Amino acid sequence: MKRMNMQNIYRIFPLIFLLLTSCRGDEPVPAPREITVSSGFYLLNEGNKGNNMATLDYFDYTNNTYYLNIYAERNPTVVKELGDVGNDLQIYGNRLYAVINCSNFIEVTDLKTTKHIGMIQIPSCRYIVFHKNKAYVSSYASIDGSDLYARQGYVAQIDTASLQVEKRVAVGSQPEEMVIIGDKLYVANSMCVSTGEMDHTVSVIDLNTFTEIKKIDVAVNLHRMKADRYGYIYVSSRGDYYDGKSDLYMINSRTDEVEGPLSIPVNNMCISGDSLYILAKEFNYITGYAESVYGIIDTRTHKILTRNFISDGTDTQIDMPYGIAVNPISKEIFVTDAKDFITPGKVYCFSSDGKKKWEEIAGEIPSNIAFVLETKKTDN
């Protein structure tokens, strides 16, 4: 069976397809019952809203094999499997945390076995970060959980040993990604869906007292947030989707002063070493033109090094650039393609110099990648 026919097989026989794996250049073979999770990465597929289609894949570096829907295989008794809309995926200690937005919980599994450990109920949960055995989760809901699209969202503090919510603190409208520098948590606030009013602030939370100590005025409709090794925080603005375009700003965490914009659109980004990798597909609603950006910014100089790190022309194969990650050891660059947000997406692997090494069919709307590169013996 040729690899070029796999997508058609997926559409016709989805249940059969989920039991298959594919090796680079080889015929697909049935997935083994035992998979050793030691060196590879997990990929969270969002799945279309309302269909309980979030899935978890795994790529194994030891045998160059991509396994589809590993969570369902490892947890056959879990009803509705992983849930509705996978929004974030992070590793902390020996556990994997998948934030399932529309199902209102964080699924916690064992990092090596992918087996269910527990579930943390957080309404309209969005993103998760960790610090000193605590997890911090942003939520669109009101602090009492009564309104899933409140004018003021919150951040929850969770004990990673007991998986219990300990505290909540109100922030801005629909909080998104977060970063921690020292004992301060920075939270990107976006917009209130019910009113259409766009927030333009970053909330700063003192983790010692777990209180919001200030708001930093940045730009409208903030979303992504990453911190470099030099104390700068990069935060993206989605703009207003019409006249105001997406752009990137910097916050100096020593002074909390804002710099920018850097004049580059951002849908997603990640940091590896001194490089900030950026993905974007910026639409002009007047002309209908869509600009794709695969950028790199030098975090030492804050200069844009390139707007297309894909050097062999294969960026033309990508319909909707969506997720990005860089292997911290090999420096391979991974880009996910959400396609039309309905059919199965793809994950592409590029060498550090931007040449395509391989591609694989993933689940529906592949988004977040978490690398498993060594056994960690930290606390939960």
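Which residues does L56 touch, not counting residues up to four places away in sequence? In this predicted model, the list runs to Y42, L43, L44, N45, L68, N69, I70, Y71, L82, L89, L96 and T114. Several of those names come back in the largest nonpolar core, which has 20 residues; Y42, L56, Y58, L82, L89 and L96 are the ones with the most contacts inside it. As a rule, nonpolar side chains in soluble globular proteins tend to be buried together.

As for where the core residues come from, at least two each are supplied by strand 3 (40-45), strand 4 (55-60), helix 3 (70-74), strand 6 (86-92), strand 7 (95-100) and strand 30 (366-372). Strand 7 gives the largest share of this core, at three residues. Apart from it lies another core, this one of 17 residues, with Y97, V99, I122 and A135 among them.

Strands 6 and 7 also turn up in a sheet. It is an open one of four strands, in the order 6-7-8-9, and the pairing is antiparallel. Strand 6 and strand 9 (116-121) sit at the edges with a single partner strand each, so one side of each has no neighbour in the sheet. On average, neighbouring strands here are turned by 20 degrees against each other, direction ignored. Strand 8 (residues 105-110) and strand 9 run antiparallel and are joined by five bridges. Within that pairing, T109 stands opposite H116 of strand 9.

Further along the chain, T314 makes a handy loop example. The loop in question links strand 25 (303-306) and strand 26 (321-326). Is T314 buried or exposed? T314 has a relative accessible area of 11%, and because the cut-off for buried is under 20%, T314 counts as buried. Leaving aside neighbours within four places in sequence, T314 is in contact with F350 and K356.

Zooming out to the whole chain, the secondary structure comes to three helices and 30 strands. Of the 380 residues, 57% are buried. Take the contacts between residues at least 6 apart in sequence: 47% of them join residues at least 24 apart. The accessible surface of the chain adds up to about 16200 Å², with 51% of it belonging to carbon and sulfur atoms.

Terms used:
Residues numbered from 1 in each chain as written. Predicted model: local features only at pLDDT ≥ 70, side-chain atom pairs only at ≥ 80, totals over all residues. Heavy atoms only, no water. Core = buried A, V, L, I, M, F, W, Y, C linked by side-chain atoms within 4.5 Å. Buried < 20%, exposed > 50% of the residue type's maximum accessible area, 1.4 Å probe, protein only. Contact = heavy atoms within 4.5 Å. Pairing = 2+ DSSP bridges. Axes fitted to C-alpha atoms, helices over the stretch in contact; angles between N-to-C directions. Areas by Shrake-Rupley, 256 points an atom, 1.4 Å probe, with all protein chains shown as cover.
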